[in-house]
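Student: Could we go through the sheets of this model together, one chain at a time?

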Amino acid sequence: MTHLVHTPTELPPDRPMAPEDTGPAISPLRPGDDPGKIAVASQWTLIWRKFLSNRVAVFAGIVVLAFYLIAMLAEFLAPTSPSLARPQFTYAPPQSIGFFVPDPDGGRSWQPHVKGYTMSVDPASLRRTFTIDDTAIIPIGFFVEGPAYRMWGLLDANMRLMGPLDASQPMNLLGTDALGRDLLSRLIYGTRISMSIGLIGVLSSLVIGVVLGALSGYFGGWTDLVIQRIIEVISAMPTIPLWLGLAAAVPVAWSPVTVYFMVTLIVSLLAWTGLAREVRGRFLALRHEDFVTAAILDGSSRARVIFRHILPSLTSHILAVVTLAIPTMIVAETALSFLGVGLKAPVVSWGVLLQDAQNIRAVSTAPWLLIWPSGAVVLAVLAFNFLGDGMRDAADPYET
Amino acid sequence: MTQHTPPAAGQPVTTPILSVRDLSIDFHLRSHILHAVRDVSFDLHSGRTLCLVGESGSGKSVTARALLRLIDPQARVAGGTITLRDETGAELRLDGMAPNSREIRAVRGGRIGLIFQEPMSSLSPVRTIGTQIAEALLLHRRMTKPEAKAETVNLLRQVEIANPERMADRYTFEFSGGMRQRAMIAMALACDPDILIADEPTTALDVTTQAEIMDLIARLQRERGMAMLMITHDLGLVAEVADAVAVMRWGRIVEQGPVDQIFHAPHHPYTRRLLEATLKLDSSAKREAPRMDGTPLLSVRGLGKGFGAVNWRGRQTFAIKAVDQVNLDLWPGENLGIVGESGSGKTTLGRMLLRIIEPSTGSIRWQGDAAPAEVTIMNRPDLARYRSAVRLVFQDPYASLNPRMTVKQVIADPLVVAGGLKGAALDARIAELLELVGLDRSAMERYPHAFSGGQRQRIGIARALALNPRIIIADEATSALDVSIRAQVLDLLLDLQRRLDLSFIFIAHDISVVRYFCDRVAVMHRGRVVETGSADDICTRPREPYTQSLISAVPNPDPRNRRMLHRTRFRA
């Protein structure tokens, strides 16, 4: 349909013109797709669409959600209580799940089960070792009765997602520790502490970081100077010795829960600086944008300009930064607990679990004590990082 | 089904050096395919200039870049041929070459030179101008380093850069905009190309600089016999330089032919509309000037702003005087234009009137209320009242609306802050304001990104009108808009003025817009007002040498009367 105009001599006056276009030519990739729909989409809709197109980030998001779901439903998901010690099964290896058992008449019948243990004692060192006994069948099932618990401290229950049909039989899918406690149950309970310490820690550093960053970036001058120097001093502190010092100052008589909050607070008091710098940078960039000038000319007060006009344009960026900050918190908690100055038993966290894997003998007899808790940390941190990267990319939906 | 243009009347019957036939380019976006260029055909001839004209989004830049296969990864050439011929008649097909192949790189810079719109971002800031030009020589002409150095100086001399030996060792940021564009041209010419593609080469420059650069390009083209493809949105510039014109709209060439035919016998309705909008802005709006014998609404006396450091004794030293001793008066119902090139201080002046930038010296007297008041010493509540009577419309319709707010929230903001209106009354007022600026009330729930530049500017105007202002300061309010939209927005402002009894301070670098819109014009140069007079006087009978050079550098949208060639030059 090319329309080329020729010289007037060639063009008879009644020659029909090409029909006039009414807009740019667009063909949808999928039938029924309307490019005009984007016109009424809010910023958040655009961000969400861009996020969904990043498969890795979506998958990481699902993993993170799964972790929090596990944390919420820890009591129900764990096969047994994390503090239930069975000294007769110390360092018992992981069992695997089987589904069919041989019948007496030579056939096979459906029966989910784990294999039992046989114990042998080394006559020289008197150390007990467990091996899987293929003949000992321990039938297991879903929604079985296990050790009693209070769900979220409210409801008395004893329903477990899965467990041995006979509660006195051992079922240790990930093995046991030095006191014969089930590692799977401890890992699930540890998820609750480790994942929530990230959230709570980030929330408190978020408040400090956003407020100080916003003040610093919007007002500039002396305010900026003072806040930036504070940030520099704090980021110059060597973190591990400082944590050690602060944690040592926590009174021994405090309950584990109080200690838990103190540790969170300590970690977050040092972690807000990055966020504050990020927010300050964005404020510096946005402070002289036309729409901010327009808001000032409209008569808005400073607080209104900051909170109504500038901060909403930052929320997606802040969310992304926060998501990237959570893994730092998780790693910090793990490191502190591993060093023995963070959380302490009977509280169960991934760091506390790793404490059991500190000596080489434990690792050589029971490698699962190292593999599973550190695997959980690595998976959670990676998932948060991919999620945060995806969110940061999606935060600016107008860029292609 | 396509018929190709035989050489039109007035064009020499030569083999074209470059032929484009039925070129189509698709952009594969996330949810749809945008046919950015559709069946475009044109020829370039040695020593002649073809102008590709169109408004934003018409596909003109993509077309030009496709010739060098410099297109975005999501763009694909869907069809068509691009044929390059040399003196012997040997043909080279560019459309089949891979985007980064050795063959196309030999063509880029070697046979086809390219000048971009923004010379600051197309030159590297971390290397000297000389090394960047020499690089092209080393790559394409296989010179030795001393030869390249000598040739660089020679090229810089050809593009009329003074002291070329010294300037070759300077960095981009030490050059002015015009000098950067000259350096860019020198680089494009380094390998003696047959074809020069200039993509909006002067859009970022002032009119006098634009005239100088166009002079330079025309001279170099004459000397070297290059073919030129110039991409522009400015019909005035087209009339000044083109031999042939192709008008693009929504990816198609709607009309092409010799420049005289396009300007004096256009066929396509779109070409006619485009010309009408351009010519309309070259006249005045024919409205009666208001009386200037009462009290002025706003009186500015001795206003100045200096930027600089505090010296060692703690005293302020003004190294740069952005605005210096400006006196202005604005009478009720008047449209006062402030014209100047970039750096003349016109934007600083506009912002000082609202105290977004605090003035260093002088006074601003506001006489719109019962008692006259001095703006420079107002306290916060008084200033807020003053700012609701004197409103600002911004240049950039994209940056001035908060992307996180709906149109309703944007327009309601001044009303909400002022208090008083709530719920249904607020909605009714916003609908009324939207109607006033020619938008449908259904726009309320949408976000700014859903609107075109012109519509966004209307939203900005509605926000300015929300508080029933007396004066609107429009800071380059139409310069980001396409020419047809520009005329519409100006007519809207004139209509609002009649209905709402407004006065305007209209800050612009575009003289035609000011001529159409304003009663009186103040011409600024280096922070001072050099001449004030009625718009017609300034545009037709300027007295000051600077004004004369400024007016004569404005392109005239009539190819039979090229103005730039015999313009007045100003040396200060």
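**Sheets in chains A and B**

Tutor: In this predicted model, strand β3 (residues 108-121) of chain A and strand β4 (residues 128-151) of chain A run antiparallel and are joined by nine bridges.

Student: Which residue is the bridge partner of A:Val121 in β4(A)?

Tutor: Strands β3 and β4 of chain A run antiparallel. Within β4(A), the residue that bridges to A:Val121 is A:Arg128.

Student: Why is one side of β2 and of β5 in chain A left without a neighbour in the sheet?

Tutor: The open sheet of chain A has four strands in the order β2-β3-β4-β5, with antiparallel pairing. Strands β2 (97-102) and β5 (155-164) of chain A stand at its edges, so one side of each lacks a neighbour because each has a single partner strand.

Student: Turning to chain B, which are the edge strands of the six-strand open sheet?

Tutor: This sheet of chain B follows the order β6-β7-β8-β3-β9-β10, and its pairing is mixed. Pairing on one side only is found for the edge strands, β6 (112-115) and β10 (252-258) of chain B.

Student: Which residue of β10(B) stands opposite B:Ala246?

Tutor: Strand β9 (residues 244-249) of chain B pairs with β10(B) in the antiparallel sense, over six bridges. Opposite B:Ala246, in β10(B), stands B:Gln256.

Student: What angle does the direction of helix α11 of chain B make with that of β9(B)?

Tutor: Helix α11 (residues 269-280) of chain B packs on the sheet, where the helix touches β9 and β10 of chain B. Its direction and that of β9(B) make an angle of about 100 degrees.

Technical notes: Residues numbered from 1 in each chain as written. Chains lettered and ligands numbered in written order. Predicted model: local features only at pLDDT ≥ 70, side-chain atom pairs only at ≥ 80, totals over all residues. Pairing = 2+ DSSP bridges. Helix = DSSP H or I, 4+ residues; strand = E, 2+ residues; numbered from the N terminus. Contact = placed C-beta atoms within 7 Å. Axes fitted to C-alpha atoms, helices over the stretch in contact; angles between N-to-C directions.
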